[in-house]
Amino acid sequence: RAACERQRGILAQRQAEAASERQLPTKLPLEEYFQRISTLAEANQVRVLRQNPVPGRRYPGLLEQRFAFEVSSTMPDLARFFKAVEADESWADIAYLKIASSEGHTDVGEGERVTTMTLSLFSADKVEAPAAKAGSTP
């Protein structure tokens with residue numbers, strides 16, 4: 001429990017630093033992001049069924065790491081969860097969302113829907129200087 005509280009404190013500190021500097025973090029605190037998503041899910045009565053990394057993307061100065069989640073809950077609870085994720089001050093965004101019935105899922109309660117979503121986590125990427133051409137003079 002103390003470790004969880006310590007991690008929440010670190011996440012709050014990093015979020016405050018990022019907000020005050022208005023800059024992307026240079027290193028993603030993945031464990032803290034996952035704890036934050038778990039907290040948001042629990043607060044909105046959403047169960048995380050599965051989470052897996054998927055290939056990320058790299059843009060000049062920006063690194064996007066992506067994770068596929070499968071979650072379940074009732075539609076009102078899912079809507080509150082999505083809103084909470086989008087409103088959160090972390091550098092995370094829902095990039096893909098598909099809501100389906102619970103058909104074929106034995107671990108989902110009556111009236112619940114299964115949702116597949118991709119969460120993108122962003123950080124600053126080091127921009128490398130262009131390599132000098134062979135035989136050129138500086």
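A residue is called buried when its relative accessible area is under 20%, exposed when over 50%, and partly exposed in between, using a 1.4 Å probe and protein chains only. The structure is a predicted model, in which local features need pLDDT of at least 70 and side-chain atom pairs count only at pLDDT 80 or more, while totals for chains, interfaces and linings use all residues. Residues are numbered from 1 along each chain as its sequence is written, and side-chain values rest on heavy atoms, with hydrogens and water left out.

A good place to start is helix H2, which covers residues 30-43 (helices, H or I, of at least four residues and strands, E, of at least two are DSSP runs numbered from the N terminus). Its 14 residues reach 20 Å from the first C-alpha to the last, close to the 20 Å expected, where the expected span is 1.5 Å times one less than the number of residues. Buried positions in H2 include Phe 34, Ile 37 and Leu 40. After the helix comes Gln 45, with a positive phi near 55 degrees.

Three aromatic pairs turn up in the whole structure; rings of Phe, Tyr and Trp (its six-membered ring) pair if their centres lie within 6.5 Å, and planes under 30 degrees apart count as stacked, over 60 as edge-to-face and the rest as tilted. Phe 34 meets Phe 67 edge-to-face, at 4.9 Å centre to centre and 90 degrees between the planes. This pair joins helix H2 to strand E2 (residues 62-73) across 33 residues, and both partners are buried. Phe 34 also forms a tilted pair with Phe 69, at 6.2 Å and 50 degrees. Phe 69 counts as buried because its relative accessibility is 2%. Together, Phe 34, Phe 67 and Phe 69 make one aromatic cluster.
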